Amino acid sequence: MTTDETGSGAAAIALVSAPPACFVSGTRIRTTRGEIAVEALAVGDLVVTAAGDARPIVRLGSQTIRKPGREHLPVRIKARAFPGDVPRRDLRLSPDHTVCVRALDEVLVPISQLINGATVDLADANEVTYWHVELEGHDVLLAEGLGCESSTVAAERHARPLVERGAVVAVIRQRLHSRAESMGWRREKGMDPHLIVDGRRIEPTVDGDLAAFVFPADAREAILASRTWVPADDGASRDRRTLGLSVRGLAVLDGLRVDRQIPLDEVPGFHQGEAADGRPWRWTNGQLPLPSRLWADCRGHVILRLSFAPDAGRSWTAPPRRSREPRRNTLDAGPSGARPGAGPAPG
């Protein structure tokens, strides 16, 4: 990963380990010339802050990360995720970037602390370019209409109080959850278990906590698939694993001679936290490859019997493409609705 910084006419290349607070290419920043894509900004351009002030950019920098790990993936904020119908378009930020939200007073909250798996979530990327925009002092810019911090050095005083956890963040998360529901997002316990056998989807016969799949014994590849969820998205857990099915047992039979229980520890690909804790269940990550040796001695057809916890997961279902307008609630996105030359939106 490299950084290309420009400030006061100087340029430098430096190796960095993680991006500062940054905007992803394509993000439109409000300036005195209108909404400008961050990569088209220049040192000296006047950005419009949340308070309506025009302040010059003193430094710009870009960082390109190829094949980013989870810790470097951008966080995507869906359009209208915050009250005031902001951001105006989907907005992607670096995980540590803070957004300005009004609970009682305006505070800055790292966007990674507001991930809910629906309207605020990690975005997949094979490559991402982050841009940071630095002013003479820390301030709140308007990115796609949403209040977001400008870049800052670690010791610099923040433009708003920084809140990273605790009751205030919990309240904001709950209100974003309610707003997501008002936009048509639905939290469902059904995890849609199914098999993908040699590229073909196989539906199960389900009876409570048991599911049975039937597929040809000459199948070369089978994947136990499902919807996924992240426990931390609910705010009540710090577990940031991507979880699929909570599997209690697996068995293979062919209706004739084979009827065999499969020890879960013999199947690679499960999360290992439960194994380390001696739990009798294992979580998948939504895609569990099943080695063909499990049914190598079956004839004709294979019956895969799955014992699982059907209500253990909670996945979001996106709304129809044309969803009704979200209801108003008491969470205010703070300065996100500010107009050039105007102060923060009223609470």
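**A walk through the predicted model**

With a relative accessibility of 26%, K78 counts as partly exposed, since that class covers the range between the buried limit of under 20% and the exposed limit of over 50%. The model described here is a predicted one. K78 is a convenient place to enter it, and the salt bridges of the chain can be followed from there.

K78 forms a salt bridge with D90, and the closest N and O atoms of the two are 3.5 Å apart. Both D90 and K78 sit in the loop between strand 9 (75-77) and strand 10 (91-93), 12 residues apart. D90, like its partner, counts as partly exposed: the relative accessibility is 38% for D90 and 26% for K78.

How many salt bridges does the count come to? The count is 18. One of them is formed by the side chains of R55 and D139, at 2.8 Å from N to O. R55 belongs to strand 7 (residues 54-56), while D139 is in the loop between strand 14 (127-134) and strand 15 (140-143), so this pair ties together parts that are 84 residues apart in sequence. Are the two partners buried or exposed? R55 has a relative accessibility of 19% and counts as buried, because the limit for that class is under 20%. D139 is also buried, at 12%.

A further salt bridge is found between E274 and R241, where the side chains meet at 3.0 Å, N to O. E274 lies in helix 2 (residues 273-276) and R241 in the loop between strand 22 (222-225) and strand 23 (246-253), so parts 33 residues apart in sequence are tied together by this pair. The two partners fall into separate classes: E274 is buried, with a relative accessible area of 8%, whereas R241 counts as partly exposed at 23% relative accessibility. Elsewhere, R28, R89 and E144 are joined into one network by salt bridges that share partners.

The chain as a whole comes next. It has two helices and 28 strands. Of its 347 residues, 48% count as buried. Among the contacts between residues at least 6 apart in sequence, 68% join residues at least 24 apart. For an example of two positions separated along the chain, take A170 and D234: they are 64 residues apart in sequence, and their C-alpha atoms are 9.6 Å apart in space. A170 is part of helix 1 (residues 167-182), and its relative accessibility of 43% makes it partly exposed.

The buried residues lead on to the nonpolar cores. In soluble globular proteins, nonpolar side chains tend to be buried together. The largest nonpolar core in this model has 42 residues, and those with the most contacts inside it are F23, I77, F82, V99 and L114. Strand 14 gives the largest share of this core, four residues. Which residues does L114 touch, not counting those up to four places away in sequence? The list is F82, V99, V109, V120, V169, I172, R173 and L176. There is also a second, separate core of 32 residues, which includes L250, L290, L294 and L304.

What remains is the empty space. Rolling a probe the size of a water molecule over the atoms shows where such space is left. A search of the whole structure finds one cavity of 30 Å³ or more, and the volume of the largest cavity is about 40 Å³. Its lining consists of F215, V252, L290, L294, W295, V302 and L304. By class, these are seven nonpolar residues, with no polar and no charged ones. L290, L294 and L304 appear both in this lining and in the second core.

Open pockets are treated apart from cavities. The second largest pocket has a volume of about 440 Å³. It is lined by 22 residues, and the closest to its centre are G117, D121, L122, T228 and V230. Strand 13 (120-122) and strand 28 (315-317) each supply at least two residues of this lining. What classes do the lining residues of this pocket divide into? Eight are nonpolar, five are polar and nine are charged. The cavity lining, by comparison, has no charged residues.

Notes:
Residues are numbered from 1 along each chain as its sequence is written. This is a predicted model: local features need pLDDT of at least 70, side-chain atom pairs count only at pLDDT 80 or more; totals for chains, interfaces and linings use all residues. Side-chain values use heavy atoms; hydrogens and water are left out. On a 1 Å grid over the protein atoms alone, a cavity is a set of points where a 1.4 Å probe fits but cannot get out, and a pocket is an open set with protein on both sides within 12 Å along at least five of seven lines; lining residues have an atom within 4 Å of a point. Grid points are joined across faces, edges and corners, and a volume is the space filled by probe spheres set on the points. Ala, Val, Leu, Ile, Met, Phe, Trp, Tyr, Cys and Pro count as nonpolar, Asp, Glu, Lys and Arg as charged, and the others, Gly among them, as polar. A salt bridge is a side-chain nitrogen of Lys or Arg within 4 Å of a carboxyl oxygen of Asp or Glu. Buried means under 20% relative accessible area, exposed over 50%, partly exposed in between (1.4 Å probe, protein chains only). A nonpolar core is a set of buried Ala, Val, Leu, Ile, Met, Phe, Trp, Tyr and Cys residues joined through side-chain atoms within 4.5 Å. Contact means heavy atoms within 4.5 Å.
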